[in-house]
Amino acid sequence: MSAAADLIIRNGTVYDGTGAPPRQADLVIRAGRIEAIEANSTATASREIDAGGCWVAPGAIDIHTHYDAEVEHNPALTESMRHGVTSVIFGNCSLSAAVGDADDIADMFSRVENLPRHILERWFSNKDWNTPAEYYAHLEKLPLGINVATFLGHSNLRLGVLGKQRCLAPTTLTWGDKSALRTMLSEALDAGFLGLSVDMLQWHRWKGFKYNGASAPSHYATMAEFRLLADVLRQHGRVMQATPDAGRRHLIPILAMLSSGIRRKPMKLSMLTSLDFTANRRLGPLTQRLASVINGLFRGDMRFQSLAVPFELWSDGCNTPVFEEMHASACLMNADTRSQREALYRDSDWRAQMRQEWLKKFNSSFHKDLSLMTVVACPDGTLVNRTFADIARERGTSAVDTFINLIAEFDESIRWHTVIANDRPAYLRQHLKHPYIQLGFSDAGAHNRNMAFQNSHLWFLRDAMLNDDAMPVEKAIWRITGELADWFGLDTGKLAAGRPADIMILDPAALATDLTGPQETNDPGFDNAMRMVSESGKAVRQVIVSGHVAMDNGTPHAQAGKQAFGRLLRTQLRG
């Protein structure tokens, strides 16, 4: 008789992550891998889980997170684990922790991802790596709760090769610069990085002495530099993750053409983002058509990342990511103190510029519709639960002037909420069926006061279960597991004999009732500062990572973050 297995999951409805219809079966797990999937298994194990009435599926893959900093403090990454995520990708939007000194990394992340700089300083205080390969060696030593994979950030690559002064300004690259950029990127790809993330979005700015408010280093690159690095990715068969600039939309098709496979090998390109923007309903269909043209006519391999839930945003006065697209409000974010901001509030020229930029709608991603912006907290309680437009009508002033006056009066203590995109559920279900849309873009690990999409994949599965116009559940599960694993080259995402045992067990009855949108909580890891989280109740019964039960009935394992359950996923894509 063979020795007992480590774990058996019995009586579950098994979705294998390939899109195939489900079947009733038992999973036998040994040494971190699935040994067998069979009906009525006679095997024995040291632990058995009765999954009767539940779905047994591969753990979800979150392809767009910014856990680069938080993984140093909380390697369990429980904020994603508890929603059934077993693998995350970070290093997105040109930002990673792989290259640069601790202060520079903190300067990049603190403003772009709206994270407290003093906390980032603390988390990176023991930084012990200098190269991409050393960074991966460091990650492998962390007691990861779930699996991680990363991109090399282009901003960090430029910082490492060009130095701070040159990377934060338009720079003519020498032959030596180009050679060094190619060499460092190639070394990262040889170490197993998924690829390179680049960024053109002017919202993303540096925070710190002397260069405060400068665009992220990736923004200063030319298209020639992007093409240079795309050739390296193409040769290695790797991925470029790209964040284009919504304010310079003419550059999006130019960037997309990097994926073209005419007379060359196509390059995998995963681009942000395809959303149903309230400010422009044409953008979602346009991104679908662009991807279809690139992949069809130009033989590329391009995808647009999309969010599967409404894009809800909470903001503190002018402290909000979307206000970086206006110069006047970006100046407020450059200010380190309230007194500095109050000087701007009193400045008539600043007020005039803010008003002018607010009323300008062309090339704006944020809707700027004050009738859709609701006050949710304020020292003046009479304003709470009212839109800025309603308050303006009562006061007999224009909506934009009312908004400016209230921001000037209350600064960051007036908190408001709005929905930027994906506010039409039926349209969203159809949008997410498009073959070139990738399910992702949670931004987990960033913008903690602004948003919380960590359980968006569960909402996607809930919609598939409850709505006749959604895709079948088995295909929805494939889209958040096996499809992503295959495209990014990750050794996870499917249930089959010999595959890693990365599994989520879902209760469909609780999935229908227990999910919530973003909520405010206090996080001890952020010095008890407020952090927005999403909740999934009892929808996720168990999370198994590499054969370990990392979460059981909503409670992370006592050793999560102390014992390594997860692993570093070096890409399997090759040129």
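**View 1. Helix H17 gives the largest share of the second largest cavity's lining.** Three residues of this lining come from H17, the largest share of any contributor. The model shown here and in the other views is predicted. The second largest cavity holds about 60 Å³ of space. Its lining consists of Ala308, Leu428, Arg429, Leu432, Phe460, Asp463, Ala464, Ala470 and Met471. Helix H16 (425–431) and H17 each supply at least two of these residues. By class, seven lining residues are nonpolar and two are charged. No polar residue takes part.

**View 2. The largest cavity has a volume of about 110 Å³**. Three cavities of 30 Å³ or more are present in the structure. The largest has 14 lining residues, and those closest to its centre are Ile61, Leu439, Gly440, Ser456 and His457. Which elements give two or more residues to this lining? They are strand S6 (60–62) and helix H17 (456–466). Strand S6 gives the most, with three residues. By class, the lining divides into eight nonpolar residues, five polar and one charged. Helix H17 thus appears in two linings: that of the largest cavity and that of the second largest.

**View 3. Strands S6, S7 and S8 form an open, parallel sheet.** The strand order is S6-S7-S8, and the pairing is parallel. Why do S6 and S8 each have one side without a neighbour in the sheet? Both S6 and strand S8 (147–150) stand at the edges with a single partner strand each, so one side of each stays free of a neighbour in the sheet. On average, neighbouring strands here are turned by 20° against each other, direction ignored. Strand S7 covers residues 85–90 and pairs with S8 in the parallel sense over four bridges. Follow isoleucine 89 across to S8: its bridge partner there is alanine 149. Edge strand S6 also links this view to the previous one, as it gives three residues to the lining of the largest cavity.

**View 4. Strands S14, S16 and S15 form an open, antiparallel sheet.** This sheet has three strands in the order S14-S16-S15, with antiparallel pairing. Strand S14 (311–316) and strand S15 (374–377) stand at the edges. Each has a single partner strand, so one side of each is left without a neighbour in the sheet. Neighbouring strands are turned by 35° against each other on average, direction ignored. How many bridges join S14 and S16? There are six, formed in the antiparallel sense, with strand S16 spanning residues 415–421. Across this pairing, glutamate 312 stands opposite valine 419 in S16.

**View 5. Serine 110 is a buried residue of helix H3.** Helix H3 runs over residues 102–112 and contains serine 110. Is this serine buried or exposed? Serine 110 has a relative accessible area of 4%, so it counts as buried, the cut-off being under 20%. Leaving aside residues up to four places away in sequence, serine 110 touches Leu115, Arg117, Leu120 and Lys207.

Terms used
Residues are numbered from 1 along each chain as its sequence is written. This is a predicted model: local features need pLDDT of at least 70, side-chain atom pairs count only at pLDDT 80 or more; totals for chains, interfaces and linings use all residues. Side-chain values use heavy atoms; hydrogens and water are left out. Two strands pair if DSSP finds at least two bridges between them. Axes are lines fitted to C-alpha atoms, for helices over the stretch in contact, and angles run from 0 to 180 degrees between N-to-C directions. Buried means under 20% relative accessible area, exposed over 50%, partly exposed in between (1.4 Å probe, protein chains only). Contact means heavy atoms within 4.5 Å. On a 1 Å grid over the protein atoms alone, a cavity is a set of points where a 1.4 Å probe fits but cannot get out, and a pocket is an open set with protein on both sides within 12 Å along at least five of seven lines; lining residues have an atom within 4 Å of a point. Grid points are joined across faces, edges and corners, and a volume is the space filled by probe spheres set on the points. Ala, Val, Leu, Ile, Met, Phe, Trp, Tyr, Cys and Pro count as nonpolar, Asp, Glu, Lys and Arg as charged, and the others, Gly among them, as polar.
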